[in-house]
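User: Hello! Could you walk me through this model, one question at a time?

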Amino acid sequence: MTYEVVMGLEVHVELSTNSKLFCSCSAKFGADANENVCPACAGMPGMPAVPNKRAIELGIAAALVTNSEITPVITFDKKNYFYPDLPTGYQITQWFSPICKNGWIDITGKRITLKQIHIEEDAGKLVHEPRSRSTLIDFNRTSVPLIEIVSNPDFETADEVTEYLEKLRLLLTFAGISDCKMQEGSMRCDVNISVREKGSKILGTRTEIKNMNSLKAITRAIEYESQRHIDALETGSEKLVQETRRWDDTIGATFSMREKEEAADYRYFPNPEIMPIHIDNLWIQSVKDTLPEPAHEKFERLTAKLGLPEYDSKIISSSQSLSNIFDGAIKLHNKPKDISNWIMGELLAISKEAGIPDDDICIDTQKFACIIKLVDEGKINRSVGKKVLTEVFEKNIDPEAYIAENCLAMVSDTGLLEAAINEVLAENEKSVLEYKSGSQKVFGFLVGQVMKKTAGKADPRSVNELLRSKLDAD
Amino acid sequence: MKYSVQLEETIMQKGIPGAAGSKMLENFIAVFDATVVTLLMSADIKITGRLSFGEFGAPGLFSDQCDALTAAVSSFANSSADAVLCNDYTGAICTEAGRQGLYYIHPAYGTVSRYGLIPAVTSIDQIGILCKDKKTGFEIFDIIKQEDSQPCVRGQTLSCVPMTHACPQPYYDVYPQIMQILCCGELANNISRYDGIKFGYRAKDYSSLDELYTKSRTEAFGEDIKLAALIGAMVLSEDNYMPYYDKAMRLRRLIKNSLDFSDCDVITATAEQTSSFPALSRLCGLPSLTTPSATYIANSECEDLLRYDL
Amino acid sequence: MSDISKFERMAMLSLADTERDVLCKRFDAVSSSFAKLDEFDTSDVLPLISVLEAKNIMREDITEKIISREELLKNAPEQQDGYIRVPASIDI
């Protein structure tokens with residue numbers, strides 16, 4: 001008996017706004033407990049809920065980057081339940097009119113279709129103190145704006161899920177919608193999973209898995225839970241029940257969150273305090289105009305239009321910083337292949353040496369382009385260029401000033417070069433003999449010696465030519 | 001200014017217990033002033049006391065008679081205060097006012113800021129003025145209303161028409177049901193924040209979180225509020241939402257749509273004629289004036305009309 | 001008499017038997033009259049959510065601190081290190 005796994009995802013993403021969804025408290029991460037709280041988000045009566053315009057716009061942006069159909073008039077609704085992290089006893093969400101529907105995201109060989117995306121407020125944080133058998137509540141995250149991205153049950157493997165999440169993260173971070181940091185909780189994923197016989201059209205019993213805090217945990221959880229379902233179906237050892245289960249990463253298993261599965265009645269109804277929001281084409285266009293080029297379009301443009309190799313294009317288009325550096329440098333020095341080579345070669349070597357991840361690379365693009373231009377024009381050689389770039393990267397010095405102060409201009413004067421070459425040949429008779437007897441390797445050594453003599457400033461091409469002709473002549 | 005005014009316990013004053021006529025909020029110290037309080041203070045009007053007309057200001061939700069309401073209105077009548085600001089969402093306060101020879105000005109929905117008002121039925125809540133004479137009442141109204149309220153620009157001669165003429169007759173018989181469904185639904189939701197956790201009444205004995213919630217709420221809410229919570233839960237619950245709550249919202253639109261002000265400025269009914277006439281103004285968000293002899297409802301843009309002798 | 005226990009649960013109340021009986025009778029009296037709404041055909045209109053015709057009432061994404069943590073926690077029945085404290089929840 002072979003089985004197939006069917007999964008759907010609910011991804012909650014925190015929107016990158018300054019203030020909360022319905023009040024003016026700061027939405028910034030990391031404050032002390034209950035520092036960013038006001039009467040409204042602490043559940044006290046008497047303050048009105050007014051939606052954050054930027055949050056709505058980020059919702060529109062999310063609709064655009066996921067190819068979704070935007071709902072022309074949206075409202076907000078109340079979802080009723082009691083829990084200590086929910087100070088008002090209801091969550092303001094979109095039950096009747098989600099901001100958009102029917103979007104899609106492509107992954108390798110497949111299109112994942114989205115049911116909908118809706119905007120809602122986050123809840124507070126609970127800290128459990130087992131010693132004193134109490135729970136501590138922090139309302140800082142209450143009413144922080146979220147979007148919930150609900151996919152259709154299109155996933156079959158854990159790899160598809162992780163690829164989708166990485167793609168989603170790319171789309172959302174590029175568009176400035178969220179910073180999607182799973183470790184900070186700004187991106188959370190719940191997986192709905194069921195298993196059925198291969199080829200069957202009927203869906204099996206579905207369970208929901210929560211509390212996976214990394215892509216690795218998601219993969220492990222999916223593998224565990226799908227096996228648990230399969231085992232249950234094959235051996236009947238366990239009866240599968242529709243329920244929510246919590247993934248425990250330390251133990252490596254899922255645990256039921258409820259003893260008695262009771263479908264909650266959330267008593268949804270429209271929030272009379274919040275006026276409907278009409279989203280017209282003008283507004284949509286103005287949001288579209290602020291969106292940066294999406295990663296996959298950039299990839300197309302770099303490869304198809306600018307002729308860059310696919311590998312390089314993938315690296316650059318996958319990182320917002322590298323994309324920005326590339327775009328900025330191109331404007332000042334219109335040589336895409338050059339810029340790409342410098343990014344892929346020198347820049348990434350420097351950043352990796354410094355232990356800085358691609359997305360955190362920060363460099364003055366004007367100075368970057370300047371260095372590339374100077375090398376291109378033969379004013380400095382490439383290895384000097386790398387040295388200057390390192391100084392810019394670390395200390396943000398001015399390249400031209402630095403080159404002048406340190407006399408790093410490229411030496412191409414034939415006379416000077418010949419003199420240096422002659423000295424080197426004289427000092428290295430053994431190597432000359434090795435060359436004459438057929439060794440090519442020693443040529444590189446001799447070039448290196450000439451570079452050393454010129455404190456690295458010689459024009460390598462000229463050195464090559466002159467050295468070669470001198471050696472071959474005798 | 002020369003006036004002194006009392007506040008219903010649902011209008012918050014910073015540093016003073018919010019109370020709202022409920023054991024739940026007896027010791028809840030409000031942390032900010034309601035906008036109307038700020039406006040009164042800047043006009044130098046003295047706030048001389050706080051009154052309760054019933055828990056969460058809800059007399060009249062289930063019955064016409066309420067002793068607490070009668071007593072409160074009469075205590076105001078006998079006091080030296082010129083007016084009481086209150087939230088008469090059911091219409092019981094204005095009806096009682098008329099009965100006791102007083103006046104009640106109920107502004108159009110949205111005219112007076114609800115900031116700092118402990119909410120009951122958000123889509124109806126509006127701070128109004130219980131007063132001893134009309135002129136005083138309107139002077140105080142001018143102080144507490146929002147700046148962008150438009151003055152009326154209708155003609156001088158007012159036509160005032162009895163309720164039967166302009167009032168949508170077919171729906172009249174179900175006003176009480178519509179009011180109960182909408183008010184209980186919204187009120188039940190507006191009191192769900194009172195859970196004994198962050199502020200307000202917390203039960204003394206509880207052995208779990210669940211008990212903290214249920215005991216605090218059961219001990220602190222009165223019978224009427226509990227009934228509203230139960231009815232509210234019922235009308236919003238999955239199976240009942242469409243036939244009750246959604247239906248009531250649609251009927252509300254039908255009522256609003258069918259009100260006819262084309263050939264009159266104000267409609268009226270006497271106290272004898274109807275007890276749920278005020279409900280019409282609440283459901284449609286229209287301004288109304290209650291006098292000792294009658295109640296008047298004006299078109300929403302023409303609140304000012306009610307100042308004239310009618 | 002109807003079974004109001006599920007609504008009791010939704011409303012987070014735990015009524016004593018006598019109180020439940022009283023409330024149940026009142027509940028039935030009120031809810032039985034709701035059947036009157038069935039006489040009306042409302043299929044042609046949309047629900048009225050607010051009497052105001054306004055739309056797109058939103059605020060700019062600016063932060064403003066309204067109240068200090070101390071003021072906020074003044075009303076808390078139990079607090080610890082800036083958190084609000086309650087007995088442990090059943091879940092998790």
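**Chain B and its partners**

Within chain B, residues 24 or more positions apart account for 73% of the contacts (heavy atoms within 4.5 Å) with a separation of 6 or more. This is a predicted model, in which local features need pLDDT of at least 70, side-chain atom pairs count only at pLDDT 80 or more, and totals for chains, interfaces and linings use all residues. Residues are numbered from 1 along each chain as its sequence is written, chains are lettered from A and ligands numbered from 1 in the order in which they are written, and side-chain values use heavy atoms, with hydrogens and water left out.

User: What share of the residues of chain B counts as buried?

Analyst: Happy to start there. The secondary structure of chain B comes to 11 helices and 11 strands (DSSP runs numbered from the N terminus: H or I of at least four residues for helices, E of at least two for strands). Buried means under 20% relative accessible area, exposed over 50%, and partly exposed in between, with a 1.4 Å probe and protein chains only. Of the 310 residues of chain B, the buried share is 64%.

User: How much area does chain B expose?

Analyst: Accessible areas come from the Shrake-Rupley method with a 1.4 Å probe, and for residues only the protein chains shown count as cover. In chain B, carbon and sulfur atoms supply 47% of the exposed area. The exposed area of chain B is about 10600 Å².

User: Is Ser288(B) buried or exposed?

Analyst: Ser288(B) lies in strand S10 (residues 288–290) of chain B. Leaving aside neighbours within four places in sequence, its contacts include Tyr104(B), His106(B), Arg282(B) and Leu306(B). Because its relative accessibility is 1%, Ser288(B) counts as buried.

User: How much area is buried between chain C and chain B?

Analyst: The size of an interface is often given as the accessible area lost when the parts come together. Here that buried area uses a 1.4 Å probe and is summed over both parts. The contact takes 47 residues from chain C and 60 residues from chain B. Carbon and sulfur atoms give 68% of the area buried between chain C and chain B, which is about 4800 Å².

User: Which residues of chain C lose the most area to chain B?

Analyst: Three residues stand out here, and together they make up 15% of what the chain C side buries. They are Phe34(C), Leu37(C) and Leu48(C).

User: How many salt bridges does the rule find across the interface of chain C and chain B?

Analyst: Side chains of opposite charge can pair when their charged atoms come close. The rule asks for a side-chain nitrogen of Lys or Arg within 4 Å of a carboxyl oxygen of Asp or Glu. One case joins Glu53(C) to Lys256(B), with the closest N and O atoms 3.8 Å apart. Across the interface of chain C and chain B, the number of salt bridges is 7.

User: Which element gives the most to the side of chain C that touches chain B?

Analyst: Helix H1 (5–10), helix H2 (17–32) and strand S2 (83–87) of chain C each supply at least two residues of that side. With 7 residues, the element that gives the most is H2(C).

User: How many salt bridges are found across the interface of chain B and chain A?

Analyst: This contact brings together 32 residues of chain B and 27 residues of chain A. The two chains bury about 2300 Å² between them, 66% of it on carbon and sulfur atoms. For salt bridges across the interface of chain B and chain A, the count is 0.

User: Which elements give two or more residues to the side of chain B that touches chain A?

Analyst: All of those listed are helices of chain B. They are helix H7 (175–190), helix H8 (209–220), helix H9 (223–236) and helix H10 (241–258).

User: Which residue meets Glu156(A) in a salt bridge?

Analyst: Glu156(A) counts as partly exposed, because its relative accessibility is 41%. The N to O distance in the pair is 2.8 Å. The pair links distant parts of the chain, 46 residues apart, with Glu156(A) in the loop between strand S11 (145–151) and helix H2 (158–174) and its partner in strand S8 (residues 110–121) of chain A. That partner is Lys110(A).

User: Is Arg131(A) buried or exposed?

Analyst: The side chains of Arg131(A) and Glu129(A) meet in a salt bridge (3.5 Å, N to O). At 19% relative accessibility, Glu129(A) counts as buried. Arg131(A) has a relative accessible area of 74%, so this residue is exposed.
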